[in-house]
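Trainee: I would like to learn how to read pockets, patches and exposure from a model, one feature at a time. Could we work through an example together?

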Amino acid sequence: KEYKVIDATNKKVGLTLNLVALLLTVGLMVGLYFLLLAGYTFLLNDLIVFFIVMVVGYVLYIITHELLHGLAYKLLTKQKLTFGLTLTVAFCGLKEGYVNKKTALISILAPFVVHSLWMIPTMLLLPKGGLLLAIIFLFASHFGGCVGDFYGTITLVKAPSDVIMCDTGPKQ
């Protein structure tokens, strides 16, 4: 019996998840800026560093986010993976088959945990400047970008303990 379907390629679902992600990202970015960079005057070098780290870092972040989903799935299932990018979502999923609730939760949360473990201490330790601004941007984007993962996690936690999940990437 099908418990629930989350399909990020569905226009309504994709738009809702992306809108929530945008609101979280902007809110966190503004809050962290005032918390960690209040009163700092940016120099041209700061802005150059910010722009370079932001652009390169964001591309690397998206790639490593999906690779972390894949690494967790590969280590726990040995199944073949699929990766992709649509207008609304970057994804990693299984080519076929199902996983149990524990495996699904580990794979879904792996990028959030791993990236948070390095981003949060980095933000707290960096001096004020362009690099810190870039890490704030990346962390806020990371947190907002995990909205789909958070929604999947909440759905799985509420699901019966014997639920199994088919994860094609954009659709679970």
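Mentor: What follows is a walk through the fold, the pockets and the surface of this predicted model.

Trainee: Let us begin with the fold: how many helices and strands does the protein chain have, and in what pattern do they follow along the sequence?

Mentor: A sensible start is to list the elements in order, and here the protein chain has five helices and four strands, which read along the sequence as α-α-β-β-β-α-α-α-β. The C-alpha atoms fill a box of roughly 60 × 30 × 30 Å along the principal axes, and of the 172 residues in the chain, 39% are buried.

Trainee: What is the volume of the largest pocket, and which residues are closest to its centre?

Mentor: With a pocket, one takes the volume and then the lining; in this model the largest pocket holds about 810 Å³ of space. Its lining consists of 37 residues, of which E66, T88, V89, A90 and G145 are the closest to the centre. At least two lining residues come from each of α1 (11-37), α2 (44-77), β2 (90-94), α3 (101-125), α4 (130-145) and α5 (147-158). By class, the lining has 20 nonpolar, 14 polar and three charged residues.

Trainee: And which elements give two or more residues to the lining of the second largest pocket?

Mentor: The second largest pocket has a volume of about 530 Å³, and among its 21 lining residues E2, Y3, K4, I164 and M165 are the closest to the centre. The elements that give two or more residues are α5 and β4 (164-165), with α5 giving the most, namely three. Its lining divides into 12 nonpolar, four polar and five charged residues.

Trainee: Turning to the surface, which residues make the nonpolar patch?

Mentor: A patch is read as a group of residues together with its area, and this one, of about 760 Å², is made by L44, L47, I48, F51, I52, V55, V56 and L60. One of its members, I52, is found in helix α2.

Trainee: Why does I52 count as partly exposed?

Mentor: The category follows from the relative accessible area, where partly exposed lies between the 20% limit for buried and the 50% limit for exposed. I52 counts as partly exposed because its relative accessibility is 48%. G84, which has its place in strand β1 (residues 81-85), is likewise partly exposed because its relative accessible area is 23%.

Trainee: How far is the C-alpha atom of G84 from that of L68?

Mentor: Separation along the chain and separation in space are read as two values: G84 and L68 are 16 residues apart along the chain, and their C-alpha atoms are separated by 14 Å.

Key. Residues are numbered from 1 along each chain as its sequence is written. This is a predicted model: local features need pLDDT of at least 70, side-chain atom pairs count only at pLDDT 80 or more; totals for chains, interfaces and linings use all residues. Side-chain values use heavy atoms; hydrogens and water are left out. On a 1 Å grid over the protein atoms alone, a cavity is a set of points where a 1.4 Å probe fits but cannot get out, and a pocket is an open set with protein on both sides within 12 Å along at least five of seven lines; lining residues have an atom within 4 Å of a point. Grid points are joined across faces, edges and corners, and a volume is the space filled by probe spheres set on the points. Ala, Val, Leu, Ile, Met, Phe, Trp, Tyr, Cys and Pro count as nonpolar, Asp, Glu, Lys and Arg as charged, and the others, Gly among them, as polar. Patches are made of residues with over 30% relative accessible area and no salt bridge: like charges are joined within 9 Å, nonpolar side chains (Val, Leu, Ile, Met, Phe, Trp, Tyr) within 5 Å. Accessible areas come from the Shrake-Rupley method with a 1.4 Å probe; for residues, only the protein chains shown count as cover. A salt bridge is a side-chain nitrogen of Lys or Arg within 4 Å of a carboxyl oxygen of Asp or Glu. Buried means under 20% relative accessible area, exposed over 50%, partly exposed in between (1.4 Å probe, protein chains only).
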